[in-house]
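Thanks for making the time, everyone. Please have a look at the model first, and then I will talk through a few of its helices and cysteines.

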Protein chains: 2
Amino acid sequence: MTTEQRPLRADAQRNLERITASAQVLFAERGTRAQMEDIAAHAGVGIGTLYRRFPTKEALITALVRQRFQEFAAIAAECEHITDPYEALATSMRRQAESIEGDAAFQLAMMNIDNFSWDGIDEDKSALNAILSRIIERAQAAGAVRADLGVEDYGMMMCGTTATMYFMHGEHGWQRHLDLVLAGLKPS
Amino acid sequence: MTTEQRPLRADAQRNLERITASAQVLFAERGTRAQMEDIAAHAGVGIGTLYRRFPTKEALITALVRQRFQEFAAIAAECEHITDPYEALATSMRRQAESIEGDAAFQLAMMNIDNFSWDGIDEDKSALNAILSRIIERAQAAGAVRADLGVEDYGMMMCGTTATMYFMHGEHGWQRHLDLVLAGLKPS
DNA sequence: GTGGAAGAGGAACTACGGTTCCGTATACTG
DNA sequence: CAGTATACGGAACCGTAGTTCCTCTTCCAC
């Protein structure tokens, strides 16, 4: 537990927020190719400052990706309250996809393009999967989806949908992909 | 029509073949990250020689990607002879996917990860799409797939499947993705 | 054979972008 | 209002990998 470091100095805290915000914007826009210097500049900060908080580019991206996974969990948690068991599942997928629509870097992350190690991501993933499992099981119990559906399938389909999202950035073609995939979930 | 250059000198021809073969192997194995020097070395050739044939890395990759698309067309053409209209479609997808299973670079290309310009690829794509359109229409006429299916859907689904293939390189998870997607094609 | 166009090889060049380092500035504690 | 730990900035460093260039070699047409 080295987590309990004394709070950041006020200016440092402010800069940290600006950095993550700028990083989010630029990575979303340009994917992993966004450059550290540009991010620092966008945040109105020197590179040294950036590197003080994130020892490496990979660390910075990992932080953002983890945020996204936590967001996914939050969305899933909300959808769990939807009464119709099928809609709970479908809506979860759709809303998660929508939430990353403009984020090129996260899309690449979903496909693990840069094969980073994503330190600590497993933690977030299992928290998310716990919720998703419940949603899936409920849909199965109601006979709304095929009996052999698993959480891994969920991730896989999101991966596929994300790929089309990246492939056709501007257009909304990914929604079509999601529709087809959702149709494939109906019990055979 | 600048296509009609005199034939290559015997040694040059031999080297060209070795180069494309080696490039195929290394790009398949390492994706776009494979290095020009390594490819030259693998082919038993100097870098200068490599650059004499392919003025740029992108050009080399494009040549290989075009080959793959031509292969796709060949597979589709074979599948057109399958009697069952649905099987023709499904088999085409499955066999194409199988054919690129070990080829990381092409998988990245399918998702347009490196946003190259892929000079001349449109030509190959439309040749392929012509065949696929016929296959799809036949399946629709037989009532085997949804009426609103289009060629773009085919490409999109292949893109999604390819993403899972890249994502889970070793394992065969992509087959599951393809199954789900194929199930989604059934008429509603 | 032989002349010369085409080809081979690979050291060196270059651009790019992540990361380091250190002198200077600033916030907090007592 | 010091004194110091923390933070800031950004020039410089460095590794990587694509590409160029120039000398030497080889094929082939006559």
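What should the 17 residues of helix α8 of chain A span, at 1.5 Å a residue? The answer is 24 Å for residues 151-167, taking 1.5 Å times one less than the number of residues, and the end C-alpha atoms of the helix are 24 Å apart, which agrees. Helices here are DSSP runs of H or I with at least four residues, numbered from the N terminus.

I should say that this is a predicted model, in which local features need pLDDT of at least 70 and side-chain atom pairs count only at pLDDT 80 or more, while totals for chains, interfaces and linings use all residues. Residues are numbered from 1 along each chain as its sequence is written, chains are lettered from A and ligands numbered from 1 in the order in which they are written, and side-chain values use heavy atoms, with hydrogens and water left out.

Of the 17 residues of α8(A), 13 are buried (under 20% relative accessible area, with a 1.4 Å probe and protein chains only), so the helix is largely enclosed by the rest of the structure. A:Cys159 counts as buried, at 1% relative accessibility.

Turning to disulfides, meaning pairs of cysteine sulfur atoms within 2.5 Å, the structure holds 0 over all chains. For A:Cys159, the nearest cysteine sulfur is that of B:Cys159, 9.7 Å away.

In chain B, the axes of α5 (residues 85-99) and α8 (residues 151-167), which are lines fitted to C-alpha atoms over the stretch in contact, with angles from 0 to 180 degrees between N-to-C directions, come within 11 Å and cross at roughly 40 degrees.

Definitions and conventions. Buried means under 20% relative accessible area, exposed over 50%, partly exposed in between (1.4 Å probe, protein chains only). Helices (H or I, at least four residues) and strands (E, at least two) are DSSP runs, numbered from the N terminus.
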